Amino acid sequence: MAAKRIKRIAVMTGGGDCPGLNAVIRAVTKTAINRYKLEVWGVEDGYRGLIEDHIHPLNTNDVSGILTIGGTILGSCNSSNPFSYPVQSGKRTINKDVSDLCVANLKKRGIEALVCIGGDGTMCSAAAFAKKGLIVMGVPKTIDNDIWGTDITFGFNTAVTTATEAIDKVHTTASSHHRVMIVEVMGRYAGWIALHAGVAGGSDVILIPEIPYDLSKIADYVKARSKKGKRFSIITVAEGAKPKGGQRVVFKTEKNSPDPIRLGGISFVLAEQLGQITGLSCRAVNLGHIQRGGSPTPIDRVLGTSFGHYALELLMKGQFNRLVVWKEGKLGDVALSRIAGKIKTVRPSNPLIAAARAVGTCFGI
Ligand code: F6P
């Protein structure tokens, strides 16, 4: 059977933003218009724009000059799930499946396919839309690098670069004041940012969610350094790290988000506990959303451009409902239905952990 000839597509960015989103929007839009003469529409603020019908045409001028700019020209949202969306029912707010409305808003403009640029929450809904008959192409974004099926997501390299620069800066002040400095990085339930930025910044201790830590081991380690004349230590901790048998530190809960838990604050807890046990001066810094901002690195610009272009090539070949991935050094794709609901965490057997251990890094165990 010949592949359906697509004439009109929409593109949206969902979930938490990250550097490189504009590179993908630009690649999708320019490839669609220049190479395939398609009509392109932009959806504002992720799935919220589909629900509230904020969809407008995009032309090549709209996406010109955005490659180097962080964030997303379309806006994003990580708290609107079209399959469980809060609506007013009399005096009560109830959660309703409004996905049919989203499909209708696309159909009335003759839009046949949707390019969803997002993380695992966005891809879960994308897979559910595909089941409803909408043609969906996924592009994996997130600073967390935790999307299953791809070795790398765009946004990760920029976040690691930003976090590494911060760790480098903290190094000098830690050294001047003979302190233990604890740098908290994002990543949700995966330790990719902490592991990579921690190694790149020469952290003495790296704590990741996948390896629950023992506080006394960290205390012994920094005390031993102190005795050896290394009068400061740098600890990089992932926001999702937790002690053996203990809990993660939750900053807040966002009721309507597909993933309501917001982690954050572990660095301050650790600084207090370590200060008490060791008697050393400890300070914490949480890098927070700084990791999501700024201009994308060249790697993320290249990845974003490649992903966006590849998504269009797949679509025009009739390979529908796929997630573009980077696997073993090359572009590829997997079925959206295969990735929904899974995340990719750091395996304790990851070679970078072995390399870090070999140079003396402590993982808190
Ligand atoms: O998924 C990206 C991310 O930045 C996580 O690393 C972090 O836990 C979360 O989003 C923060 O979400 P919000 O922007 O809602 O605070």
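**Exercise 1. The ligand**

How far does a polar side-chain atom of Arg292 lie from an oxygen atom of the ligand?

*Solution.* Start with the ground rules. This is a predicted model, in which local features need pLDDT of at least 70 and side-chain atom pairs count only at pLDDT 80 or more, while totals for chains, interfaces and linings use all residues. Residues are numbered from 1 along each chain as its sequence is written, and side-chain values use heavy atoms, with hydrogens and water left out.

Now take Arg292. Its polar side-chain atom lies 2.8 Å from a ligand oxygen. Next, Asn78: a side-chain N or O atom is 3.0 Å from an oxygen atom of the ligand. Then Gly187: here a backbone N or O atom lies 3.1 Å from a ligand oxygen. On its own, the ligand has 400 Å² of accessible area (Shrake-Rupley method, 1.4 Å probe; for residues, only the protein chains shown count as cover), and the protein covers 82% of it.

Widen the view. The residues around the ligand (a heavy atom within 4 Å) include Asn78, Ile143, Asp144, Gly187, Arg188 and Arg292.

**Exercise 2. The two domains**

Find the domains and describe where they meet.

*Solution.* Step one: read the bounds, which come from an automatic or database domain assignment. Domain 1 spans 3–154 + 296–339, and domain 2 spans 157–293. Their C-alpha centres lie 33 Å apart. The contact (heavy atoms within 4.5 Å) takes 19 residues from domain 1 and 17 residues from domain 2.

Step two: look at the area. Buried area is the accessible area (1.4 Å probe) that two parts lose on being put together, summed over both. The domains bury about 1600 Å² between them, 50% of it on carbon and sulfur atoms. In domain 1, Asn78, Ile143 and Asp144 lose the most area to domain 2, together 33% of what that side buries.

**Exercise 3. Charges across the boundary**

How many salt bridges are counted between domain 1 and domain 2?

*Solution.* Define first: a side-chain nitrogen of Lys or Arg must be within 4 Å of a carboxyl oxygen of Asp or Glu. The count is four salt bridges. Now check a pair. The side chains of Asp120 and Arg188 form a salt bridge, at 3.0 Å from N to O.

Definitions and conventions. A polar contact is a pair of N or O atoms within 3.5 Å; within protein, one must be able to donate a hydrogen and the other to accept it, and residues adjacent in sequence count only if both atoms are side-chain atoms.
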